[in-house]
Amino acid sequence: MNIEGINNSTDTLQTSGSVLQLIQTVSNSFLENPETLRNDNNDSPKLMCKNLIYSLERSLTLFKNIKYDSYYLNTCIHHNIVLLGLRFLKFPNGITAGSQLHNELIKVYNDAGINTLKILVNNNDIKLKGLKDEIETLHNEILVHNDFHQSRHLFERIGNKIKTH
């Protein structure tokens, strides 16, 4: 673009008003009539119902994964197994393996790992309670949605998808 083209475009902006005035006009027209930006095709309520169903599926999958995680962590706690990523293996210099101090430190480290697992399980329980409420809300919203009958097949497939994950 040459300099004359730039000058012509700035002249056009100056004659038609400033950019700020244009943005303000568009904003005011939207505030007066917000329906102008709404998608007016007939699929939008159906898409909303589908989105609710997909959200329910994601929440159910997350619920199942957290439930399995909690089960695994509880099993580790029951058998006094500290996961490798939670195990603290740094000992001070001069500690002899099998000494009384070494054994006491291992006990302290194992207790710390078990307590960490318990904290993780409690955190998972809090997440599960929140997800349960979210799932119940989504389930009720889907069942009373006007276009539920059109998306019923997606809703019925959720159970099979969750079982295979």
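This section describes the overall fold of a predicted model and then three local sites within the chain.

The chain contains 5 helices and 0 strands. Read along the sequence, the elements follow the pattern α-α-α-α-α. Of the 165 residues in the chain, 22% are buried. The accessible surface amounts to about 12500 Å², and carbon and sulfur atoms account for 57% of that area. Contacts within the chain were also examined by sequence separation. Among those between residues at least 6 apart in sequence, 78% connect residues at least 24 apart.

The first site to be considered is S70. This residue belongs to helix α3, which spans residues 44-78. S70 has a relative accessibility of 5%, and S70 therefore counts as buried, the cut-off for that class being under 20%. When residues up to four places away in sequence are left aside, S70 touches V121, N124, D125 and L128. With N124, one of these residues, a polar contact is formed from side chain to side chain, at 3.2 Å.

Attention then turns to T137, which is located in helix α4, comprising residues 100-144. The relative accessibility of T137 is 43%. Because this value falls between the limits of 20% and 50%, T137 is classed as partly exposed. A polar atom of the T137 side chain lies 2.9 Å from the backbone oxygen of D133. With respect to L56, T137 is 81 residues away along the chain, and the C-alpha atoms of the two residues are separated by 9.3 Å.

Aromatic rings were examined last. The count of aromatic pairs in the model comes to 1. The pair is formed by F91 and Y109, whose ring centres are 5.6 Å apart. The planes of the two rings make an angle of 45°, and the arrangement is tilted. F91 lies in the loop between α3 and α4, whereas Y109 is part of helix α4, so the pair ties together parts that are 18 residues apart in sequence. The two partners were also assigned to accessibility classes. F91 has a relative accessible area of 29% and is partly exposed. For Y109 the relative accessible area is 15%, and Y109 is therefore buried, the value being under 20%.

Notes. Residues numbered from 1 in each chain as written. Predicted model: local features only at pLDDT ≥ 70, side-chain atom pairs only at ≥ 80, totals over all residues. Heavy atoms only, no water. Helix = DSSP H or I, 4+ residues; strand = E, 2+ residues; numbered from the N terminus. Buried < 20%, exposed > 50% of the residue type's maximum accessible area, 1.4 Å probe, protein only. Contact = heavy atoms within 4.5 Å. Areas by Shrake-Rupley, 256 points an atom, 1.4 Å probe, with all protein chains shown as cover. Polar contact = N/O pair within 3.5 Å; in protein donor to acceptor, adjacent residues only side chain to side chain. Phe/Tyr/Trp six-rings, centres within 6.5 Å; stacked < 30°, edge-to-face > 60°.
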